[in-house]
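Here are my notes on this model, as numbered points. Please read them with the structure open.

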Amino acid sequence: MSMPPSPGEPPAGKPSAAERKYRAVTAFQRRLNAVMRRLPAQTLLETTGRVSGLPRRTPVGGRRVGDSFWLVSEFGERSQYVRNIRADPRVRVRVRGRWHTGTAHLLADDDPIARLRRLPRLNSLAVRAMGVGTGHLTVRVDLEGGGSR
């Protein structure tokens, strides 16, 4: 005999509200990102696909501070680009139409909500609105000599 779900827990086999939100937002982002990647002014993060080995470009918001680029992932460890960074931290970032190579660092000890206050407002608002629970994660990309390729 199965036990009924605990209060606040969805019935067995039914996704939680957070899971439904995650699925809805990622489906929306897939369509939006296909358009955003083509915009010349859009900031992009290019990772290497952990399975395919192919370049994967994701529109991101963030800010360059000195020789680092900072961003916050709204889905933390669930973001595909975060999973790609775990497999290979060498990335490229396109800022203001110029590509920069760098090494990405996932900063679990950084406060992503405090970090969002120092990043562009519109992006920070979107990250908070689209994120699920406390799954945000700060990412710092150390840029190599400010050069491009």
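1. In this predicted model, start at the β3/β4 pair. Arg63 sits opposite Trp70 of β4. Strand β3 covers residues 63-65 and runs antiparallel to β4, with three bridges joining them.

2. The connection between β3 and β4 is a hairpin with two residues between the strands. Check Gly66 in the turn: its phi is positive, about 65°.

3. β4 has a second partner. Strand β7 (residues 137-143) pairs with β4 over six bridges, again antiparallel. Within β7, Val139 is the bridge partner of Leu71.

4. How many residues of strand β4 are buried? Six of the six, across residues 68-73, so the strand is largely enclosed by the rest of the structure. Both faces are covered. Ser68, Trp70 and Val72 are buried on one side, and Phe69, Leu71 and Ser73 on the other.

5. Now the charged side chains. The whole structure holds seven salt bridges. One of them joins Arg86 to Glu77 at 2.7 Å, N to O. Arg86 is exposed, at 55% relative accessible area. Glu77 is partly exposed, at 39%.

6. Arg90 and Asp88 form a salt bridge at 2.9 Å, N to O. Here an exposed residue meets a buried one: Arg90 has 57% relative accessibility, whereas Asp88 has 15% and falls under the 20% cut-off for buried.

7. Asp142 and Arg140 also meet through their side chains, in a salt bridge of 2.8 Å, N to O. Asp142 counts as partly exposed, with 26% relative accessibility.

8. Finally, look at Glu46, Arg57 and Arg92. A network of salt bridges links these residues.

Conventions: Residues numbered from 1 in each chain as written. Predicted model: local features only at pLDDT ≥ 70, side-chain atom pairs only at ≥ 80, totals over all residues. Heavy atoms only, no water. Buried < 20%, exposed > 50% of the residue type's maximum accessible area, 1.4 Å probe, protein only. Helix = DSSP H or I, 4+ residues; strand = E, 2+ residues; numbered from the N terminus. Pairing = 2+ DSSP bridges. Salt bridge = Lys/Arg side-chain N within 4 Å of Asp/Glu carboxyl O.
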